[in-house]
Amino acid sequence: MQIGNTLQAVAVRLLSAIACCALLGCDLGRDADLAALAGDLSLPPAQLTGVVFEGYAAGARDLLISAATAEVDSSGGVARLEKVMILFAQEERGRTRITAPHAEFRLDSDDFLLTGGVEGTTQDGDRFVTDEVRYEHERRKLYSSSGVRVERENLKLKADGMELDVATRSLKLTGRVQANMNGGS
């Protein structure tokens with residue numbers, strides 16, 4: 001998934017520059033330096049509601065991101081989302097759904113940081129809760145260095161952090177780990 005497509009951003013700036021020049025009566029003769037004009041154009045952050053981003057791999061949708069609101073700052077290379085839901089979907093491993101009050105997406109890398117109390121559930125019913133989660137798109141992994149609680153059937157775990165491989169659904173708990181089985185202590 002490429003939320004921040006550089007080529008598209010350049011095209012938008014170039015078209016905006018041409019439109020501004022047309023409105024202002026600028027001369028767009030052969031000697032006009034449109035690339036320089038587009039580079040100088042600074043667009044304000046875009047405010048959006050009801051946002052949905054989709055990511056595809058091998059021709060199939062493997063990621064869906066929705067948010068109640070978003071502020072997309074193309075010059076800063078970031079999108080700030082509120083009331084976020086992320087769905088990682090893969091046929092062989094099932095779905096993982098993650099929700100958070102806030103997210104910040106890097107438009108150049110598709111990495112993101114979820115904050116404000118993050119909850120995740122798998123199709124099998126496993127659940128995790130933590131303060132914040134960082135996603136590295138290149139590695140397709142979720143990381144948390146804040147305390148995490150994991151609940152599985154008849155098993156409750158607490159750890160200092162976690163690492164979740166999105167592709168394999170492999171979970172690694174980090175730091176001090178505590179386990180309660182069958183509701184006992």
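G117 is partly exposed in the predicted model, because its relative accessibility is 30% (buried means under 20% relative accessible area, exposed over 50%, and partly exposed in between, with a 1.4 Å probe and protein chains only). The residue G117 is located in the loop that joins β5 (112–115) to β6 (118–122); strands are DSSP runs of E with at least two residues, helices are runs of H or I with at least four residues, and both are numbered from the N terminus. Apart from neighbours within four places in sequence, G117 makes contacts with T99, A100, P101, T130 and D131, a contact being heavy atoms within 4.5 Å. The C-alpha atoms of G117 and H102 lie 8.6 Å from each other, with the two residues 15 apart along the chain.

A second loop position is E132, between β7 (127–130) and β8. With a relative accessible area of 35%, E132 is likewise classed as partly exposed. Residues up to four places away in sequence not counted, E132 touches L113, L114, T115, V118, Y143, S144 and S146. Between the C-alpha atoms of E132 and G147, which are 15 residues apart along the chain, the separation is 9.1 Å.

One of the contacts of E132 is L114, which is also among the residues with the most contacts inside the largest nonpolar core, together with L81, I86, F88, F128 and L142. This core comprises 30 residues; a nonpolar core is a set of buried Ala, Val, Leu, Ile, Met, Phe, Trp, Tyr and Cys residues joined through side-chain atoms within 4.5 Å. At least two core residues come from each of β1 (46–57), β2 (60–73), β3 (78–90), β4 (94–106), β5, β8 (133–136), β10 (148–152) and β11 (155–165). The largest contribution, five residues, is that of β3. Outside its neighbours within four places in sequence, L114 contacts V84, I86, I98, A100, H102, A103, D131, E132 and V133.

Two helices and twelve strands make up the secondary structure of the chain, and in the order of elements from the N terminus both helices precede the strands. Of the 185 residues, 34% are buried. Among contacts with a separation of 6 or more, 35% are between residues 24 or more positions apart. The exposed area of the chain is about 11100 Å², 50% of it supplied by carbon and sulfur atoms, as computed by the Shrake-Rupley method with a 1.4 Å probe, where for residues only the protein chains shown count as cover.

Residues are numbered from 1 along each chain as its sequence is written, and side-chain values use heavy atoms, with hydrogens and water left out. As the model is predicted, local features need pLDDT of at least 70 and side-chain atom pairs count only at pLDDT 80 or more, whereas totals for chains, interfaces and linings use all residues.
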